[in-house]
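Biologist: Before I plan anything at the bench, I would like to go through this structure with you, one question at a time. Please show it first.

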Amino acid sequence: MNRESIPSIHFYDQDFVDLYDRSWVWIDEHWKQGTEQNGFEGNYVSYEGQKTINQFNCCLSSLFLNYSNQTYSPFEMLDYFYKKQEESGAIRSDYSVEDGSAVLTEDNPEGVTMPLFAYVEYAFYHKIGNKKRLKDIVPVLENYFNWLKAVFQKENGLFAVPVSACMTGNIPREKTVYPVDFNTMVALNALYLSNIGDVLNDKELSFRYKRLYFSLKTRINNLMWDPETNFYYDLDANEERIPLKLIGAYWTMLAEIPNDERASFMVEYLKDPQYFGTDNPFPSVSVDSECFKENVEGYCGAVVPSNLYGVIKGLEKFGEYVFARECAIRHMYFILDTLHPEEGKVGDVWEAYLPTREGIPAAVGEFPAKKFLPQVGLVTITLMIEDIIGLDISLPRKTVYWTVPNLEVMGIENLSLKRNMITILSNKNARGWEIRLESEKLYYFTIEIIDEKKKKTLPIPSGKCSMLIDKL
């Protein structure tokens, strides 16, 4: 790995910087070339004991690989699944590492999983800026969406899938027919297909998926929301709500399904230690659930990084930047504590963590996996850049938003905006807080300091420049 090709970060806690740097080293060590047998023409992020190439994990991986300045292409993993699309539109959740055949199971005979393609492709566009790619892959995404509708959508408008499609392991969801997390993901997929239509100036595409999105949003709000407990739940075969609070219900916030009032109720649950507000946020089931155990076994109460990611991105949609950042930082400390345990013990990074102390859940099957980078990298790279440092970058708009509660010594160096390398660093000197910026081309920089109620947008010319915060 050429370390200079990867963006470097600055942060007041050097342990966070070291973990970010080590994550790229681990990715390089687990960057695997596909084979002629499995039909993977590019590379992908592997992990120990891997038997299948999983759609959901590849989507998660792409969300941090797009910060590698194209050193590790995020496109190849998704293109592998697109090439596997069947005439029906189906793209299966898992393909064999050995021969590339679809891996179907008795409890998930169609090989369906949480659909994230459109959300991830929209993220690609804003980080890498390839509009032609969006145009090329829209037919694939539409065919996939049509397959989901044809096979899994019922007369009530909701989607009935096996709970194994939601990848929540041993959480007791036997009575679930309409999972809240899966239905929300389908709505999220429709929302971002509509957003892709807007980017392509395809009004018909945008309108068609906006209508599908609002139709599903209405059904989730009418059927899955419980007005007494103020939460979204799974439904059984009779469309009765199943009273188990799942962290997967918070994907609704990312999909913009609740209104502000409902979202405020859900945020309160996240802050309450009796529900999801554990020291290490956020357990997969509410603390007051019967299946939550202090000595976590498998998924029951485990803190899974992809769930944390979904909650934090949902909090951002409703303006909860400070709380979202605080939760990302808290989880980073738990990763560090488990990586560096007491003397005499060997640490590592894992697929899931405990909610109240450092360590990992008791194993159920192969869960939690060691060095499971699709989950870990979401926090140590994506949330590190986007929430802990606080950068929101859009290459097509030529914009960088920097949102922080207050100024600290932090920033990023040599981040690629296509063929434009940028550097943004904050430091305190005799004149006060200063932000140093460096760029090869013009872009627009917005800084918002929440505690000081300061917000300013400035054009950043090519070359080096600086700004004093006290002068804003």
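The questions and answers below go through helices, sheets and one buried residue of this predicted model.

Biologist: At what angle do helix α5 and helix α6 pack?

Modeller: Two packed helices are described by the angle between their axes and the distance between the axes. Here α5 covers residues 131-152 and α6 covers residues 180-199, and their axes lie 11 Å apart. The crossing of the two is left-handed, and the angle at which they pack is about 145°.

Biologist: How many of the residues in the contact of α5 with α6 are nonpolar?

Modeller: On the α5 side the contact is made by Lys131, Leu134, Val138, Leu141, Phe145 and Leu148, which meet Phe182, Val186, Asn189, Ala190, Leu193, Ile196 and Val199 in α6. Sorted by character, one residue of this contact is charged and one is polar, while the number that are nonpolar is eleven.

Biologist: How many residues of helix α2 are buried?

Modeller: A residue counts as buried when its relative accessible area is under 20%. In α2, which spans residues 55-65, the buried residues include Phe56, Cys58, Cys59 and Leu63, and also Asn57 and Ser61. The helix is largely enclosed by the rest of the structure, because the number of its eleven residues that are buried is eleven.

Biologist: Which residue caps the N-terminal end of α2?

Modeller: The place to look is the backbone nitrogen of Phe56, which has a side-chain oxygen of the capping residue 3.0 Å away. The residue that supplies this oxygen, and so caps the N-terminal end of α2 by a contact within the 3.5 Å limit, is Asn54.

Biologist: Which strands are at the edges of the open sheet of five strands?

Modeller: The strands of this sheet follow the order β1-β10-β11-β12-β15, with antiparallel pairing, and neighbouring strands are turned by 15° against each other on average, direction ignored. Within the sheet, six bridges join β12 (residues 432-439) to β15, and one pair of bridge partners is Arg436 with Ser466 in β15. The strands that pair on one side only, and are therefore the edge strands by the pairing rule of at least two bridges, are β1 (8-10) and β15 (463-468).

Biologist: Is Thr423 buried or exposed?

Modeller: Thr423 is found in strand β11, residues 420-429, and its side chain reaches the backbone nitrogen of Asn414 at 3.2 Å. Leaving aside neighbours within four places in sequence, Thr423 is in contact with Ile412, Glu413, Asn414, Arg436, Leu437 and Glu438. Because its relative accessible area is 9%, Thr423 is buried.

Biologist: Which residue in the turn between β8 and β9 has a positive phi?

Modeller: Strand β8 (residues 391-394) and strand β9 (residues 399-404) pair in the antiparallel sense over four bridges, with Leu391 and Trp402 as one pair of bridge partners. The two strands form a hairpin with four residues between them, and the turn residue with a positive phi, of about 55°, is Lys398.

Biologist: In which sense, parallel or antiparallel, do β9 and β13 pair?

Modeller: The open sheet that holds these strands has the order β8-β9-β13-β14 and mixed pairing, with β8 and β14 (454-460) as its edge strands. Val400 stands opposite Phe445 in β13. Over six bridges between β9 and β13 (residues 443-449), the sense of the pairing is parallel.

Methods. Residues numbered from 1 in each chain as written. Predicted model: local features only at pLDDT ≥ 70, side-chain atom pairs only at ≥ 80, totals over all residues. Heavy atoms only, no water. Axes fitted to C-alpha atoms, helices over the stretch in contact; angles between N-to-C directions. Left-handed = near helix turned anticlockwise from the far one by under 90°. Contact = heavy atoms within 4.5 Å. Nonpolar A, V, L, I, M, F, W, Y, C, P; charged D, E, K, R; others polar. Buried < 20%, exposed > 50% of the residue type's maximum accessible area, 1.4 Å probe, protein only. Polar contact = N/O pair within 3.5 Å; in protein donor to acceptor, adjacent residues only side chain to side chain.
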